[in-house]
Amino acid sequence: MGLDEQGRYVQQSGFVLLHPEESVFSEMLQGFRRQQLTRNLAFSTVENREGLIRRFATEMNEYPWAWSVDMVDEFFADRRAVHGNKRSTIRSYQNALSTFTD
């Protein structure tokens, strides 16, 4: 994929992507990773946040552009009720998801 003058992804001639959604999602995660590293966060923090984003996408079976508030509520309710995560853990997960979607 290439970028046009406005920074939008455009398909380059000569090839067709088999899974364009996955490619865009991977690019989004790479950008998120770079953003976190430029803020001088620890590699472990960056990896944990990226892992949470991937887990959320997998559990919701949707890419970020299709996420809804209901999905977020369901995910965090499940983390609290079923997995028994502490409130501080839930807050850190919510912060990571919010940072990614900003």
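Which residue forms a salt bridge with E59, and how far apart are the closest N and O atoms? In this predicted model, the partner of E59 is R79, and the closest N and O atoms of the two side chains are 2.6 Å apart. Because R79 lies in helix α3 and E59 in helix α2, the pair ties together parts of the chain that are 20 residues apart in sequence. R79 counts as buried, at 5% relative accessibility, whereas E59 is partly exposed, with a relative accessible area of 38%. R79 also forms a salt bridge with D78, for which the closest N and O atoms are 4.0 Å apart, and D78 is partly exposed at a relative accessible area of 26%.

The structure holds four salt bridges. Another of them joins the side chains of R54 and E50, with an N to O distance of 3.3 Å. These two residues are four residues apart in helix α2 and are therefore separated by about one helical turn. R54 counts as partly exposed, at 36% relative accessibility, while E50, at 17%, counts as buried; the latter assignment follows because buried means under 20% relative accessible area. Salt bridges with shared partners join R54 and E50 to R33 in one network.

The nonpolar interior was examined next. In soluble globular proteins, nonpolar side chains tend to be buried together. The largest nonpolar core of the model has 17 residues, and those with the most contacts inside it are I53, F56, W67 and F100. Helices α1, α2, α3 and α4 each supply at least two residues of this core. F56 touches W67, M71, V72, F75 and L97, when residues up to four places away in sequence are not counted.

Helix α4 comprises 15 residues, from 87 to 101, and at 1.5 Å a residue it should span 21 Å; its end C-alpha atoms are 21 Å apart, so the expected and computed spans agree. Within α4, the residues I90, Y93, A96, L97, T99 and F100 are buried, and the buried residues of this helix pack against α1 (20-38), α2 (43-60) and α3 (69-81). The ring of Y93 also has a charged neighbour, since the charged end of R55 sits over it, 5.5 Å from the ring centre.

Aromatic contacts form a further part of the picture, with seven aromatic pairs in the structure. One of these, between F25 and Y63, is edge-to-face, at 5.8 Å centre to centre and with 65° between the planes. The pair links distant parts of the chain, F25 being in helix α1 and Y63 in the loop between α2 and α3, 38 residues apart. F25 is buried, with a relative accessible area of 4%, whereas Y63 is partly exposed, with a relative accessible area of 25%.

F56 and W67 form another edge-to-face pair, with 4.6 Å between the ring centres and 80° between the planes. F56 lies in helix α2 and W67 in the loop between α2 and α3, so this pair ties together parts that are 11 residues apart in sequence. Both residues are buried, as F56 has a relative accessible area of 1% and W67 one of 14%. Ring pairs link F56 and W67 with F32, F75, F76 and F100 into a cluster; of these cluster members, F56, W67 and F100 are also among the residues with the most contacts inside the largest nonpolar core.

Key
Residues numbered from 1 in each chain as written. Predicted model: local features only at pLDDT ≥ 70, side-chain atom pairs only at ≥ 80, totals over all residues. Heavy atoms only, no water. Expected span 1.5 Å × (residues − 1). Buried < 20%, exposed > 50% of the residue type's maximum accessible area, 1.4 Å probe, protein only. Contact = heavy atoms within 4.5 Å. Core = buried A, V, L, I, M, F, W, Y, C linked by side-chain atoms within 4.5 Å. Phe/Tyr/Trp six-rings, centres within 6.5 Å; stacked < 30°, edge-to-face > 60°. Lys NZ or Arg CZ within 6 Å of the ring centre and 35° of its normal.
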